[in-house]
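Let us walk through this fold together, one piece at a time. Please have the sequence and the 3D view open as you read.

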Amino acid sequence: MSQHKENSSPQRAHVLAESDTTLINFAQLVERLGIEVDGDLFSSGKLKQLGGLLEQNPMLVRIESAPQQLLAELEALDSAERKPTVVFAKHYDKSSIDSAVQAGVDAYLVEEPNELNVQAAIRFAKANYAAKIELAKMLNKTRRRLGERAEIERAKYQLMLNGDLNEVQAHALMRSMAMNDCTSMGVIAKNILDFADQRSKEET
């Protein structure tokens, strides 16, 4: 048993490499950390094929040739197909590193894998992946709030236009409606806009 093994290590990971020899050596290295390994040779379309199968298990890639194809395929994955991803490569040029960032790689190491850096890279990748997921949730929540706020303003305008109300009165009316219906201002705004849209269609 490796002296670097920790209880916090993931129980399973998927390993990809470009040749049988590299795949076997890399998989054996990861297994020495107490991690169960699934392995595949990297080929065109492989990441898309695996995307829905890996759950949230880390994906470890050992790439020895130019990484452009790998990074392009990673970038093409949608959010549901992305997993915590570690890439061990031999290319440290700016273009490769920029491409890795753009592709969403969570840890990019330009060194030979060993028990210590693999374990550290997995830990870093999982933390980075979780942070990106949380950030995406926050951004989506902010977008929804901004969209809801815009609808509330439009709904207030409709009340002011058709109900002979000023802005303060329109806002108070919508808040009162939301409280009475035990719902949000956003829902009330949507109902008002839907009603206004329907009436507009009937008048035409």
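Before we start, one definition helps: two strands count as paired if DSSP finds at least two bridges between them. Keep in mind, too, that this is a predicted model.

A good place to begin is strand β1, residues 12–17, which pairs with strand β2, residues 36–41, in the parallel sense over six bridges. You can trace this pairing through individual residues: R12 has E36 of β2 as its bridge partner, and A17 has L41 of β2 as its partner. To get from β1 to β2, the chain passes through helix α1, residues 20–31, and this β-α-β crossover is right-handed.

Now step back to the sheet. Five strands make up an open sheet with parallel pairing, in the order β2-β1-β3-β4-β5. Which strands stand at the edges? They are β2 and β5 (107–109), and each has a single partner strand, so one side of each is left without a neighbour in the sheet. From one strand to the next, the twist averages 15 degrees.

Finally, look at the helices that pack on this sheet. Helix α1 touches β1, β2, β3 (59–62) and β4 (85–88), and its direction makes about 155 degrees with that of β1. Helix α5, residues 115–163, also packs on the sheet, where it touches β3, β4 and β5. The direction of α5 makes about 145 degrees with that of β4.

Note on methods
Residues numbered from 1 in each chain as written. Predicted model: local features only at pLDDT ≥ 70, side-chain atom pairs only at ≥ 80, totals over all residues. Heavy atoms only, no water. Helix = DSSP H or I, 4+ residues; strand = E, 2+ residues; numbered from the N terminus. Right-handed = clockwise from strand over helix to strand, strands pointing away. Axes fitted to C-alpha atoms, helices over the stretch in contact; angles between N-to-C directions. Contact = heavy atoms within 4.5 Å.
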